[in-house]
Amino acid sequence: QVQLVESGGGLVQAGGSLRLSCAASGSIFSINTMGWFRQTPGKERDFVAGIRWSGGSTAYSDSVKGRFTISRDNAKNTVDLQMNSLKPEDTGVYYCAADRRWRGSNFARASPAYDYWGQGTQVTVSS
C-alpha cells in the first residue's frame, strides 16, 4: 500500500502562484509514476501533470504547459506542483496519484490507470 497526502491548496487571485506538495509513504518502491489530477463538480478527474518516481521524464496537459512545473524530491519522498500564472479555470480539487505500472515512454493520463490517491486539496482562483 502507498499513502499519499496533499498539501498547499488555497485561494489565490488570477495571475498568482501556488505550490502543491504530495508526500508519499508506505510501499513507495512500487511506484513508477506520480501524477496530479484536477476535478471540478460533476466532471471526471483530468490529468494535469506527471513525473517518473525515479525522476527525469515529465508530462503536462496542454492547458497547463508552460505555467505548471512538476518536480520530485528524492530525500523527502514528495512530488510538488508549482502553479504559476493561475487562471480561474484552474480552480478545482487537486489530487496526487501513484501508478505502479511500467508503460514505456508513455504516461497514463486516465485516472483509472492510477492505483493510489490522496484525499485532495482545494485550489480556488478568483478573477
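Select strand 4 to begin: six of its seven residues are buried, so this strand is mostly covered. The model on display is a predicted one, and strand 4 occupies residues 33-39 in it.

**Neighbours of strand 4**

Keep strand 4 selected and add strand 5, residues 46-52. The two strands pair in the antiparallel sense over six bridges. Select Arg 38 and look across to strand 5, where the bridge partner of this residue is Asp 46. Six residues lie between strand 4 and strand 5, which together form a hairpin. Within that turn, select Gly 42, whose phi is positive at about 80°.

Next add strand 9, residues 92-99. Strand 4 and strand 9 also pair in the antiparallel sense, here over seven bridges. Select Met 34 and find Ala 98 opposite in strand 9.

**The nonpolar cores**

Met 34 leads to the next stop. The largest nonpolar core has 29 residues, and Met 34 is among those with the most contacts inside it. Select with it Leu 4, Trp 36, Leu 81, Met 83 and Tyr 94, which complete that group. Which strands supply at least two residues each of this core? They are strand 1 (2-7), strand 3 (18-26), strand 4, strand 5, strand 7 (68-73), strand 8 (78-83), strand 9 and strand 11 (121-126). Strand 3 gives the most, with four residues. In soluble globular proteins, nonpolar side chains tend to be buried together.

A second core is separate from this one and has eight residues. To locate this second core, select Ala 59, Ala 97, Phe 107 and Tyr 114, which are included in it.

**A salt bridge between strand 3 and strand 8**

A search of the whole structure finds eight salt bridges. Select Arg 19 and Asp 80 for one of them: their side chains meet with an N to O distance of 3.2 Å. Arg 19 belongs to strand 3 and Asp 80 to strand 8, so this pair ties together parts that are 61 residues apart in sequence. Are the two partners buried or exposed? Arg 19 counts as partly exposed, at 43% relative accessibility. Asp 80 counts as buried because its relative accessibility of 14% is under the 20% limit.

**A network of charged side chains**

Move to the end of strand 9 and select Asp 99 with Arg 103. The side chains of Asp 99 and Arg 103 meet in a salt bridge of 2.6 Å, N to O. Asp 99 is buried, at 1% relative accessibility, whereas Arg 103 is partly exposed, at 29%.

Now select Asp 115 and Arg 100, which form a salt bridge with their closest N and O atoms 3.3 Å apart. Both residues lie in the loop between strand 9 and strand 10 (116-117), so the pair ties together parts that are 15 residues apart in sequence. Asp 115 has a relative accessible area of 25% and Arg 100 a relative accessibility of 40%; Asp 115 is partly exposed, and Arg 100 counts as partly exposed. Add Arg 101 to the selection to see the whole network: salt bridges that share partners join Asp 99, Arg 100, Arg 101, Arg 103 and Asp 115.

**Two loop residues with positive phi**

Most residues other than glycine have a negative phi. Select Asn 77, in the loop between strand 7 and strand 8, for a positive value near 55°. Asn 77 is partly exposed, with a relative accessible area of 22%. Then select Ser 85, in the loop between strand 8 and strand 9. Phi of Ser 85 is near 50°, again a positive value in a residue other than glycine. Ser 85 is partly exposed, with a relative accessible area of 41%.

**The whole chain**

Finally, clear the selection and view the whole chain. Its secondary structure comes to eleven strands and zero helices. The radius of gyration is 14 Å, close to the 14 Å that the globule rule gives for 127 residues, so the chain is as compact as a globular protein of that length. Along its principal axes the C-alpha trace spans about 40 × 25 × 25 Å. Of the 127 residues, 45% count as buried. The chain exposes about 6,300 Å², of which carbon and sulfur atoms supply 48%. Among contacts between residues at least 6 apart in sequence, 59% join residues at least 24 apart.

Definitions and conventions:
Residues numbered from 1 in each chain as written. Predicted model: local features only at pLDDT ≥ 70, side-chain atom pairs only at ≥ 80, totals over all residues. Heavy atoms only, no water. Core = buried A, V, L, I, M, F, W, Y, C linked by side-chain atoms within 4.5 Å. Buried < 20%, exposed > 50% of the residue type's maximum accessible area, 1.4 Å probe, protein only. Pairing = 2+ DSSP bridges. Salt bridge = Lys/Arg side-chain N within 4 Å of Asp/Glu carboxyl O. Rg over C-alpha atoms; globule rule 2.2 N^0.38 Å. Contact = heavy atoms within 4.5 Å. Areas by Shrake-Rupley, 256 points an atom, 1.4 Å probe, with all protein chains shown as cover.
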